[in-house]
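Dear colleague,

Please find the structure below, for your files. My notes on what was found in it follow.

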Amino acid sequence: MKSHQNHASQLSSTLKVTAQLAVALTITSVNQYAIATGDAMAGDPAAGKALFNSLGCASCHAIGPGARAGFGPQLNGVIGRVAGSTVDYQSRYSAAMKKSGIVWSEQTLTKFINSPNDLVPGTNMRFWGLSNETKLANLLAYLKTFPANPK
Ligand code: HEC
């Protein structure tokens with residue numbers, strides 16, 4: 001009976017370890033998938049808002065209810081938007097931006113913010129670029145909170 005119990009508890013701890021390993025493997029493969037495909041990892045919109053201000057996006061771009069063109073185009077609903085398409089900024093977009101043919105997605109925005117002039121050679125946006133993956137994900141999470149016409 002004693003050896004039976006030992007066997008059972010050994011078996012249950014083996015199962016526990018196996019289950020933990022499976023969870024760990026799943027987490028690793030999800031992260032690797034995100035890195036391999038360039039999908040942004042889930043970011044934190046509040047941290048993204050702070051970055052939008054501290055990185056200077058906010059001094060050139062308006063976002064939120066009633067946002068209009070400023071030094072740069074307004075950014076409401078930017079994910080899914082065709083580049084160079086906001087109505088009140090038409091006369092000021094660079095030719096490069098207008099003819100880029102880009103549709104802003106997590107991938108294209110990540111590349112643009114990382115290095116504007118590499119994705120859109122000749123763009124008017126002067127920004128040194130942000131390469132930190134976590135910060136990029138947070139910034140995108142913040143941008144995503146605004147639909148095309150936020151109330
Ligand atoms: C110094 C001012 C300035 C800063 C800082 C700046 N931008 Fe821009 N941004 C611009 C200008 C000007 C354009 C228009 C570029 C063009 O027409 O080539 C632009 C374009 C864009 C576009 C394309 C919009 C469209 O309608 O196609 C996005 C998206 C964008 N900026 C996001 C950001 C984000 C996010 C940040 C902060 C990380 C940022 N920008 C920082 C000035 C700025």
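In what order do the elements of the protein chain run from the N terminus on? They run α-α-α-α-α-α-α. The count is seven helices and zero strands. Please keep in mind that this is a predicted model.

Two figures describe the protein chain as a whole. Of its 151 residues, 21% count as buried. Among contacts with a separation of 6 or more, 54% are between residues 24 or more positions apart.

The ligand

The ligand is surrounded by 27 residues. Cys 57, Cys 60, Gly 72, Ser 94 and Met 125 are the closest of these. Three elements give two or more residues each to the shell: helix H3 (57–60), helix H4 (95–98) and helix H5 (106–114). Sorted by class, the shell around the ligand consists of 18 nonpolar residues, eight polar ones and one charged one.

Helices H5 and H7

Two packed helices are described by the angle between their axes and the distance between the axes. For H5 and helix H7 (residues 133–144), the axes cross at roughly 125° and come within 11 Å. At that angle H5 counts as oblique to H7, because the value lies outside the 65 to 115 range for roughly perpendicular and is not over 145, the cut-off for roughly antiparallel. The crossing of the two helices, H5 and H7, is right-handed.

Which residues make the contact between H5 and H7? From H5 they are Glu 106, Leu 109, Thr 110 and Ile 113, and from H7 they are Leu 136, Leu 139 and Leu 140. By class, the contact of H5 with H7 has five nonpolar residues, with one polar and one charged residue making up the rest. H5 thus appears twice in these notes, as it also gives two or more residues to the shell around the ligand.

Gly 64

One loop residue was looked at separately. Gly 64 sits in the loop between H3 and H4. Is Gly 64 buried or exposed? Gly 64 is exposed, because 11 other C-beta atoms lie within 10 Å and the cut-off for exposed is 12 or fewer. Leaving out residues up to four places away in sequence, Gly 64 touches Phe 146 and Pro 150. Lys 151 is 87 residues from Gly 64 in sequence, yet the two are 7.9 Å apart in space, C-alpha to C-alpha.

Regards

Methods: Residues are numbered from 1 along each chain as its sequence is written. This is a predicted model: local features need pLDDT of at least 70, side-chain atom pairs count only at pLDDT 80 or more; totals for chains, interfaces and linings use all residues. A residue is near a molecule or strand if its C-beta atom, placed from the backbone, lies within 6 Å of it. Helices (H or I, at least four residues) and strands (E, at least two) are DSSP runs, numbered from the N terminus. Ala, Val, Leu, Ile, Met, Phe, Trp, Tyr, Cys and Pro count as nonpolar, Asp, Glu, Lys and Arg as charged, and the others, Gly among them, as polar. A residue is buried if 20 or more other C-beta atoms lie within 10 Å of its own, exposed if 12 or fewer, and partly exposed in between; C-beta atoms are placed from the backbone. Two residues are in contact if their C-beta atoms, placed from the backbone, lie within 7 Å. Axes are lines fitted to C-alpha atoms, for helices over the stretch in contact, and angles run from 0 to 180 degrees between N-to-C directions. Angles under 35 degrees count as roughly parallel, over 145 as roughly antiparallel, 65 to 115 as roughly perpendicular and the rest as oblique. A crossing is left-handed if the near helix is turned anticlockwise from the far one by less than a right angle, and right-handed if clockwise.
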